[in-house]
Amino acid sequence: MNKKGFIFDLDGVIVDTAKYHFLAWKKLANDLGIDFTEHQNEQLKGVSRVKSLEKILDWGGISLSDEAFQYQMNKKNTDYLSCIETMKENEILVDVPKVLTFLKKEQQPIALGSASKNARKILKKVALYESFDSIVDGTNVSKAKPDPEVFLIAAKDLDMEPNECIVFEDSIAGVQAANKADMISIGIGDQEVLNEANFVFKDFSEVSIEFLKQLINKQ
Ligand code: BG6
Ligand code: MG
């Protein structure tokens with residue numbers, strides 16, 4: 001039987017949390033007197049909490065003491081956590097269960113590859129924690145996407161070679177990380193934004209079972 005390693009990003013791929021990250025960063029930026037646009041937000045998707053704050057401060061031309069930096073990081077996370085506190089299964093993105101169920105039935109190895117330190121908490125909230133053979137998140141990596149580290153660790157965990165892995169990503173940084181890891185990158189979102197991906201779909205309703213079978217059987 002053919003096997004591929006299927007690696008999923010979390011925020012904006014499995015669950016609809018990218019909007020909460022956006023709201024929390026926008027509030028933080030605006031409170032510091034910094035403008036924050038959707039275009040800038042695309043550059044933060046997939047990027048670690050520390051790197052995201054560094055970028056925002058850079059855009060605003062602001063520098064903070066270590067203490068103030070830490071304070072803002074904690075504040076952002078507290079705001080974000082208050083958004084996800086009441087999260088339930090209805091925030092799983094469209095047709096994600098269809099894809100996970102099919103891959104499980106086909107006995108394909110499945111991993112999570114996320115930059116978030118809140119990943120495990122969120123997976124438990126939406127009852128998907130048990131759906132992954134491996135979970136690699138922000139607590140397991142030292143280098144942020146676009147570095148491929150997170151996906152390379154996931155491939156190793158699944159006992160697959162990088163070129164036998166397929167990554168689903170909604171972020172530019174994540175697509176670049178998958179490409180650097182020599183994996184097939186599948187963008188979930190806007191074709192124009194994710195144009196470096198090998199394939200792009202608006203969401204999983206466009207990802208057919210036929211397409212998944214082709215990925216599994218690709219030599
Ligand atoms: C990524 C998100 O999945 O995780 C980013 O796309 C976020 O927006 C990053 O900054 C880190 O998440 P957290 O939950 O550890 O702050
Ligand atoms: Mg994402």
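## Ligand 1 and its two-domain setting

Student: Which side chain has an N or O atom 2.6 Å from an oxygen atom of ligand 1?
Tutor: Keep in mind that this is a predicted model. A polar contact needs N or O atoms within 3.5 Å, and the 2.6 Å pair fits that cut-off. The side chain in question belongs to aspartate 11.

Student: Which residues put polar backbone atoms 2.9 Å and 2.7 Å from an oxygen atom of ligand 1?
Tutor: For the 2.9 Å distance, the backbone atom is from valine 47. At 2.7 Å, the backbone N or O atom comes from lysine 117.

Student: How much of ligand 1's accessible area does the protein cover?
Tutor: On its own, ligand 1 has 390 Å² of accessible area. Ligand 1 also sits in the largest pocket. The share covered by the protein is 97%.

Student: How many charged residues are in the shell around ligand 1?
Tutor: In total, 13 residues surround the ligand, with Asp11, Arg49, Ser116, Lys117 and Asn118 the closest. By class, three are nonpolar and six are polar. The charged count is four.

Student: Which domains each give at least three residues to that shell?
Tutor: The chain splits into two pieces, one of them made of 5-16 + 89-217 and the other of 18-84. Both contribute to the shell, so to speak: domain 1 and domain 2.

Student: How far apart are the domain centres?
Tutor: The centres are taken over C-alpha atoms. The contact itself takes 17 residues from domain 1 and 15 residues from domain 2. Centre to centre, the separation is 24 Å.

How values were computed: Residues are numbered from 1 along each chain as its sequence is written. Chains are lettered from A and ligands numbered from 1 in the order in which they are written. This is a predicted model: local features need pLDDT of at least 70, side-chain atom pairs count only at pLDDT 80 or more; totals for chains, interfaces and linings use all residues. Side-chain values use heavy atoms; hydrogens and water are left out. A residue is near a molecule or strand if one of its heavy atoms lies within 4 Å of it. A polar contact is a pair of N or O atoms within 3.5 Å; within protein, one must be able to donate a hydrogen and the other to accept it, and residues adjacent in sequence count only if both atoms are side-chain atoms. Accessible areas come from the Shrake-Rupley method with a 1.4 Å probe; for residues, only the protein chains shown count as cover. On a 1 Å grid over the protein atoms alone, a cavity is a set of points where a 1.4 Å probe fits but cannot get out, and a pocket is an open set with protein on both sides within 12 Å along at least five of seven lines; lining residues have an atom within 4 Å of a point. A molecule sits in a cavity or pocket if more than half of its atoms lie within 2 Å of its grid points. Ala, Val, Leu, Ile, Met, Phe, Trp, Tyr, Cys and Pro count as nonpolar, Asp, Glu, Lys and Arg as charged, and the others, Gly among them, as polar. Domain bounds come from an automatic or database domain assignment. Contact means heavy atoms within 4.5 Å.
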